[in-house]
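Open the model in your viewer and keep the sequence panel beside it. The stops below say what to select and what is there.

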Amino acid sequence: MSKSLISRRPPIRRGGADNGRATAPSLSPLQLLGWKPFFQQQLALEELEACDPLRVMAVHRDRLLLAGEQGEEVLALGGTFFNEPASGDTGGQRVTVGDWLLLDRESRRAQRCLERQSLFQRMAPGGQRTQLIAANVDTAVVVSSCNHDFNLSRIERYLALVRATGARPVVVLTKADQCDAPGDYLDRLRELPDIQALALNATDPDSVEPLRGWCGVGETVALLGSSGVGKSTLLNTLSGEQQAAIAAIREDDSKGRHTTRHRELYPLPGGALLLDSPGMRELGLAGVEGGLEEAFGDIGVLASQCRFADCRHQSEPGCAVIAALDSGELDERRLHNWRKLEREVARNNRTLAEQRAGDKALGQMYRAVQGHARNRKQRGD
């Protein structure tokens, strides 16, 4: 394996993702990598005998880094398996970090990607297709910081995405040591219902310790957030090693630089896998109606109390949402962001539906042309 491919994280060795330290001895190497009954039940008897399940630990430009029962191996991104989009994936990218692949035991060729328990995806820049972020995540940590980066509307956007996947959401505010009143930021998060939040110093192991409560053995935890909020610093502190590069933010606006170039799963000493990912300047949402409903559940409860079932919450009589806004129970910013995200999701859903219809029509045309060509060849034209 070339040195350019090897990250600074410790390799997954045969016998499990233990990082050379004690983990639960009763778990198998696959269970330490996040293997659950959900995946086991998908395997046919023939596959159990002929294939090995491996987890995608990192996706590079031309190859995947995988880990399984026998440790790590590299798989080249080539052939029709990786060129054809998976069912329901309009982005044309078949595999993402966190996926489970079945490899033929003899040829080491990919046979199929197992159904995902959860999938994080966003609208790709340009707004025409979706882009996969990660799969099979148990807990998603939305990371912001106690400075200019803190933005409730952006946090709500991330939470809508997380809720849609079924993963557990946690909000972590970093750089609490550089702020006079980190409690003020936590108070502002109380506007968001049913959210667990922490404020901490990402460089201090004692400050980060409460976060380990979500990093159980065999659990997959993803760090999501903008550049410069301290995701890679959290990784380094939780792992006890300098596994990811970090850089200082700009002091005038707290903007960060991209130090993480690709998404990768790292083993933690306690037995969890932590996903570090590049900061996302754009997080376009599509297909997250259920997550949006959960993230803004308080507005949904108010809407159910409106006099009219088709109330648009603008100027209708008996609107409980407007009444809550007038009384101060509901913040105008939150209502505005809910409306904005609803419009965005509806627009992106239409775009993807039109794109799928166009791709289907194009595929039918290609097949018709190929059929005509075969017929002409058979007739000797």
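**Cysteines**

Begin with the whole structure: a search of this predicted model finds zero disulfides. A disulfide is a covalent bond between the sulfur atoms of two cysteines. Select Cys311 and show the side chain. Its closest cysteine sulfur is in Cys319, at 3.7 Å, and that is too far for a bond, because a disulfide needs the two sulfur atoms within 2.5 Å. Cys311 has 10% relative accessibility, so it counts as buried. Next select Cys51, which is also buried, at 9% relative accessibility.

**The whole chain**

Zoom out and colour by secondary structure. The protein chain holds 12 helices and 13 strands. Of its 381 residues, 49% are buried. The exposed area of the chain is about 19,100 Å², with 47% of it supplied by carbon and sulfur atoms. For contacts between residues at least 6 apart in sequence, 67% join residues at least 24 apart.

**The nonpolar cores**

Select Phe120, Val171, Leu189 and Leu285. These residues have the most contacts inside the largest nonpolar core, which has 63 residues. Helix 5, residues 152-165, gives this core its largest share, seven residues. A second, separate core has 21 residues, among them Val170, Leu198, Leu268 and Leu274.

Now stay on Leu285 and show what surrounds it. Which residues is Leu285 in contact with, leaving aside its neighbours within four places in sequence? They are Met123, Arg157, Ala160, Leu161, Leu341, Glu344, Val345 and Asn348.

**Strand 8 and its partners**

Select residues 139-145, which form strand 8. Seven of the seven residues are buried, so the strand is largely enclosed by the rest of the structure. Turn the side chains on: Thr139, Val141, Val143 and Ser145 point one way, while Ala140, Val142 and Ser144 point the other way.

Add strand 9, residues 168-174. Strand 8 pairs with strand 9 in the parallel sense, over seven bridges. To find one of the bridges, select Ser145 and its partner in strand 9, Thr174. Bring helix 5 back into view as well; strand 8, helix 5 and strand 9 make a right-handed β-α-β unit.

Then add strand 11, residues 220-225. This strand also pairs with strand 8 in the parallel sense, over five bridges. Here the residue to select in strand 8 is Val143, whose bridge partner in strand 11 is Gly225.

**Helix 8**

Select residues 231-239. Is helix 8 largely enclosed or exposed? Nine of its nine residues are buried, so the helix is largely enclosed by the rest of the structure. The buried residues include Lys231, Asn236 and Ser239 as well as Leu234, Leu235 and Leu238.

Show the elements around the helix. Its buried residues pack against strand 8, strand 9 and strand 11. They also pack against helix 7 (205-208), strand 12 (264-267) and strand 13 (273-276). Move to Gly240, which follows helix 8 and has a positive phi, near 75 degrees.

**A loop residue**

For the last stop, select Gln42, in the loop between helix 2 (37-40) and helix 3 (45-50). Gln42 is at 18% relative accessibility, and it counts as buried because the cut-off is under 20%. Not counting residues up to four places away in sequence, Gln42 touches Glu47, Arg112, Leu114 and Glu115.

How values were computed:
Residues are numbered from 1 along each chain as its sequence is written. This is a predicted model: local features need pLDDT of at least 70, side-chain atom pairs count only at pLDDT 80 or more; totals for chains, interfaces and linings use all residues. Side-chain values use heavy atoms; hydrogens and water are left out. Helices (H or I, at least four residues) and strands (E, at least two) are DSSP runs, numbered from the N terminus. Buried means under 20% relative accessible area, exposed over 50%, partly exposed in between (1.4 Å probe, protein chains only). Contact means heavy atoms within 4.5 Å. Accessible areas come from the Shrake-Rupley method with a 1.4 Å probe; for residues, only the protein chains shown count as cover. A nonpolar core is a set of buried Ala, Val, Leu, Ile, Met, Phe, Trp, Tyr and Cys residues joined through side-chain atoms within 4.5 Å. Two strands pair if DSSP finds at least two bridges between them. A crossover is right-handed if, with the strands pointing away from the viewer, the path from the first strand over the helix to the second runs clockwise.
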